[in-house]
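This report describes a helix pair, two ligand sites and two backbone features, and it is meant to be read beside the sequence and the model.

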Amino acid sequence: MAPPPGTASAASLDERRNDGPPQKNSWRARWRAFRTRTIARPGFQRWAAGFPLTQRIARANTKALFDLCAGFVYSQTLFACVRLDLFRILADAPLGPETVAARTSLAPARAERLLKAATALDLLVRLPDGRFALADLGAALIGNPSVAAMIEHHALLYADLADPVALLRGETGPTHLSRYWAYAEAARGDPANAEPVAAYGALMGASQDLIAGDILDAYPLRDHRRILDVGGGEGAFLKAAARRAPGLDLMLFDLPAVAARAETSFTEAGLDARAKTFGGAFPDDPLPHGADLVSLVRVVHDHDDAKVRALLRAVHAALPPGGTLLIAEPMAGTPGAEAMADAYFGFYLLAMGTGRCRTAAELARLLAEAGFGEIREVATRRPLLTRLLVSRRLDTPLCK
Ligand SMILES: CC(C)=CCC/C(C)=C/CC/C(C)=C/C=C/C(C)=C/C=C/C=C(C)/C=C/C=C(C)/C=C/C=C(C)/C=C/CC(C)(C)O
Ligand SMILES: C[S@@+](CC[C@H](N)C(=O)[O-])C[C@H]1O[C@@H](n2cnc3c(N)ncnc32)[C@H](O)[C@@H]1O
C-alpha cells in the first residue's frame, strides 16, 4: 500500500548513495583526478574568475570558501547581538547608532561597527535616514527566544572547538560540554542537585517550544489514549501535547532530579490529574507500562548504539503489541541540511562525549532490530530542526 501523503516507508528511507569501492582506472576516477588537479592550479582559478562561462561558479566558490573561513566571526557577531540584547532593543522602533550605543553601553564607534556587521549578515537593515531596524532574520530571533538561548550556549561549544584537532585526537581532557552535560550523572540519584539540572532544563525546555509544534502538526496524537515521553525533560513536549489532545493522559520518564522538576511544572500547569512522572535511568531502570504511545524526542542522538539498542528494547517491553513509538530529532542526510548533522552535530556530540546524529535509515534499522515494524517517516515543517519516524511494536523483539 502506498504510504499516506507526507510519509515515506522504511524501504524508501534512503541513505546517501555509496558509489562502491574506488575504481582507480574508471573514467569517473580519472575525470575526478583531472578536475582536482585543474581546480588546484592558481592560474586556472584566475582564468575561471575572468571567463564569462565560469565566472559565476568561480565567484560562488570564492564566497563559499571565504564564508567557511569567516563562519566563526559571523557566529560571534550574532552572539554579541544576543548578549547585548540588540534585537529586543530594536524591536519597537528603528534607532540611530548613538541611541544603540547608550542602550548597550558601547562606545558609539563600536556600536556602529556591530550594527554594520549585523546589517551585512542580514540580521538588520540600515534605513535611508541612517537608523537601523530589524531585518527578517533579526525579527525571527525576537519570536524565538529559544534560539537566542542556544546561541548563548554556544560559548561552551566554541571554547571546546578552540583546538579541533586535539578534540578529534581525544587530547583535550574533559570538555566544557561534557562537564555541562555531566549534570545527567549528577542528577541521577540526587534531586537536591538543583543548579545544573535547572540550567539544562531551561535550555532544553526553551528550545523544545520551537519543535513541539512541528512534531504535533505532523503527528496529531488524536488516536492515542496515553503517551509516555521517555527523556521528556521538564515536560515541555507533554504540555504542548496536552493542549492539542485534551483526552490524552501523560507519563514522563527522566532522571530523578529532572522528573522531580517535571512534576512541579505539571502541577503549575494544572495538569496534576492527567500527568504522572517517573524518575529513573534507562536502560537500567524499567520504563513504566500502560501507554499506547512512547515518544523519544531529541533523546536517541545523545547515545551510542549499544545504549540505543537497549533503550529501544526497553520501549518495546513497555508498549503493548501494536503500540506506537515516535522518534523525533534532527537526522543526518536531511536534504539541504547536510552540514547540520555531519558537521554541526558531529562536532557538538564529539565535544559532549557521546552520541551521533543518525540517518532515518540507520534509525529504521535499529528500530527493526528491536522489534518495531511499519516504520515510516512523517514529514515535518522544518526538517532541519526535527524529523519524525513513526513505528509500531511487533509482537516480539527480533534481537535480545
Ligand atoms: C509577508 C512577510 C511579513 C514576509 C515575507 C517574507 C517571509 C516569508 C519571511 C519569513 C520569516 C520567518 C517566518 C522566519 C522564520 C525563521 C525561523 C523560524 C528561524 C529559526 C531558526 C532556528 C535556528 C537557527 C535553530 C538553531 C538551533 C540550534 C543551533 C540547535 C541546537 C541544538 C542543540 C545543540 C541540541 C543539543 C541537545 C543534545 C545534547 C544534542 O541532545
Ligand atoms: C536532549 S534532552 C531532551 C529533552 C526533551 N525530550 C526535549 O526534547 O526537550 C535529553 C533528555 O534525556 C534525559 N536522559 C539522559 N539520559 C537518561 C537516562 N539514562 N535515563 C532517563 N533519561 C535520560 C535527560 O535528562 C534529558 O532530559
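## Helix packing, ligand shells and backbone

Helix H8 (residues 145–160) and helix H16 (residues 338–352) have axes that come within 10 Å and cross at roughly 80 degrees. Here helices (H or I, at least four residues) and strands (E, at least two) are DSSP runs numbered from the N terminus, while axes are lines fitted to C-alpha atoms, for helices over the stretch in contact, with angles from 0 to 180 degrees between N-to-C directions. H8 and H16 are therefore roughly perpendicular to each other, a term for angles of 65 to 115 degrees, with under 35 counted as roughly parallel, over 145 as roughly antiparallel and the rest as oblique. His153, His154, Leu157 and Asp160 in H8 meet Tyr344, Phe347, Tyr348 and Ala351 in H16, where contact means heavy atoms within 4.5 Å. By class, this contact of H8 with H16 has five nonpolar, two polar and one charged residues; Ala, Val, Leu, Ile, Met, Phe, Trp, Tyr, Cys and Pro count as nonpolar, Asp, Glu, Lys and Arg as charged, and the others, Gly among them, as polar.

The model is predicted, so that local features need pLDDT of at least 70 and side-chain atom pairs count only at pLDDT 80 or more, whereas totals for chains, interfaces and linings use all residues. Residues are numbered from 1 along each chain as its sequence is written, chains are lettered from A and ligands numbered from 1 in the order in which they are written, and side-chain values use heavy atoms, with hydrogens and water left out.

Ligand 1 is surrounded by 17 residues, of which Trp181, His301, Asp302, Tyr344 and Arg382 are the closest; a residue is near if one of its heavy atoms lies within 4 Å. Around ligand 2 there are 19 residues, and Tyr200, Gln208, Gly231, Asp254 and Val297 come nearest. The shell around ligand 2 has nine nonpolar, six polar and four charged residues, and its largest share, three residues, comes from H12.

The table gives polar contacts (pairs of N or O atoms within 3.5 Å).

| Ligand atom | Protein partner | Distance |
|---|---|---|
| Ligand 1, oxygen | Asp302, side-chain N or O | 2.5 Å |
| Ligand 2, nitrogen | Gly231, backbone N or O | 2.8 Å |
| Ligand 2, nitrogen | Phe282, polar backbone atom | 2.8 Å |
| Ligand 2, nitrogen | Val297, polar backbone atom | 2.8 Å |

Phe282 is also joined to Pro283 by a cis peptide bond, with omega about 0 degrees, and Pro283 lies in the loop between strand S6 (275–279) and strand S7 (293–297). Asp85, although not a glycine, has a positive phi of about 60 degrees.

Definitions and conventions:
Polar contact = N/O pair within 3.5 Å; in protein donor to acceptor, adjacent residues only side chain to side chain.
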